[in-house]
Amino acid sequence: MRRVVFKYPSLKIEGNDLYILDQKELPQRIVYKKIKGIDDACEAIVSLRVRGAPLIGIFALHFLKTRINKSKEEIFEMIERLKNTRPTAYNLFNYLERFSLKLNLEGKREAEFFIERTIAEEENNSFLMAENGLKLLKENSTILTQCNTGYLAAPYAGTALSIIHHAHINGYKIRVYVPEVRPLMQGARLTAFELVSQGIEHTVIVDSAISTVMEEVDYILVGADRIAKNGDSANKIGTRNMAIIARYFNKPFYVVAPTSTIDRSLKHGADIKIEVRGREELAYCGEKKVIPDKSNVLNPAFDVTPFKLITGIITEKGVFYNNGSDFSF
Ligand code: MRU
């Protein structure tokens with residue numbers, strides 16, 4: 001299978017300096033922002049300059065690597081700060097916990113090796129997810145996706161979008177429906193940007209048009225921010241609506257995620273902490289206020305799709321199917 005080459009890496013390392021492709025500026029401007037310290041690193045995660053479950057975690061590891069010469073105490077303080085940025089995506093916690101253990105028990109050198117290994121593994125996992133996903137796809141198909149799950153959200157080519165990128169480069173004839181994803185437009189701004197940059201045919205729709213296009217759709221491929229032991233999967237808000245509609249139209253609904261997104265300590269999705277974000281993200285469309293000041297606003301960033309609505313979970317280790325009972329990871 002041919003590999004994909006991307007024009008705009010989401011992270012850049014120059015010497016001991018870490019830069020992010022500032023996703024808040026996309027698609028209008030390509031801006032690489034230097035991360036000058038822990039305040040910058042946390043701000044970048046909270047304000048979604050860098051985002052997507054695996055990428056947030058990998059970004060944190062890259063950042064810690066640039067600070068490996070600090071005292072252990074300072075490094076642990078930074079780890080605590082990073083853990084307090086966004087609560088839902090599991091990869092951040094998974095990597096930081098394993099990194100902390102290495103640092104504590106085996107020292108800085110081993111902790112640094114852990115970072116290098118994890119980054120390389122997750123890059124390869126992105127390729128393997130694509131390989132496993134492509135085996136399921138017809139060569140001529142229409143795919144519906146959600147949010148942004150590509151190279152802007154995870155190492156190498158991403159998760160769900162990794163399948164789409166590899167389908168394209170390997171000669172599949174695919175069309176992609178891209179919901180805009182309110183309130184922050186990660187679909188319209190970021191997925192559309194990625195697909196344009198790779199020359200992949202796609203159509204952006206408003207979130208409420210999902211049932212309108214569903215009859216044309218062959219596969220739904222979405223990512224996950226945290227997957228509970230039974231397979232219940234948290235992902236960008238609106239994913240559960242999509243799964244419910246997919247079930248009505250009898251369409252295959254696949255979650256695509258590396259196994260590092262599976263949190264085996266949580267029995268089911270009800271235990272997943274859902275990030276609730278600020279009112280201003282909904283109240284404004286660009287510069288323009290669109291909600292009266294006196295209206296209440298609720299802005300959960302994620303929802304949980306119950307395992308019963310998931311046809312299969314595509315990981316680097318293979319595809320896990322829902323055969324009536326839960327996934328039992
Ligand atoms: O709030 P975001 O933009 O970080 O949300 C990202 C998503 O929900 C992705 O679909 C998810 O991280 C999984 S794929 C990388």
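**A walk from three loops to the ligand**

Let's start with Cys147, which sits in the loop between strand 4 (140-145) and helix 6 (160-169); helices (H or I, at least four residues) and strands (E, at least two) are DSSP runs, numbered from the N terminus. What you see is a predicted model, where local features need pLDDT of at least 70, side-chain atom pairs count only at pLDDT 80 or more, and totals for chains, interfaces and linings use all residues. Residues are numbered from 1 along each chain as its sequence is written, and side-chain values use heavy atoms, with hydrogens and water left out.

Look at the backbone of Cys147: its phi is positive, about 55°, although this residue is not a glycine. Most residues other than glycine have a negative phi, and most peptide bonds are trans.

Now find two prolines. Pro27 belongs to the loop between strand 2 (17-21) and strand 3 (32-34), and the peptide bond leading to Pro27 from Leu26 is cis, with omega near 5°. Further along the chain, Pro183 lies in the loop between strand 5 (173-179) and helix 7 (186-198). The bond from Arg182 to Pro183 is cis as well, with omega near 5°.

Next, let your eye move to the ligand. It is surrounded by 17 residues, where a residue counts if one of its heavy atoms lies within 4 Å. The closest of them are Arg51, Ala53, Arg86, Asn235 and Lys236. At least two residues of this shell come from helix 2 (53-66), and at least two come from strand 9 (233-236). Domain 1 (11-126) and domain 2 (133-321) each give at least three residues to the shell, with the domain bounds taken from an automatic or database assignment.

What classes of residue make up the shell around the ligand? There are 6 nonpolar, 7 polar and 4 charged residues; here Ala, Val, Leu, Ile, Met, Phe, Trp, Tyr, Cys and Pro count as nonpolar, Asp, Glu, Lys and Arg as charged, and the others, Gly among them, as polar.

Zoom in on some side chains. An oxygen atom of the ligand is 2.7 Å from an N or O atom in the side chain of Lys236. For Arg86, such a side-chain distance to a ligand oxygen is 2.8 Å, and for Gln186 it is 3.0 Å. The protein covers 100% of the 410 Å² of accessible area (Shrake-Rupley method, 1.4 Å probe) that the ligand has on its own.

Note on methods:
A polar contact is a pair of N or O atoms within 3.5 Å; within protein, one must be able to donate a hydrogen and the other to accept it, and residues adjacent in sequence count only if both atoms are side-chain atoms.
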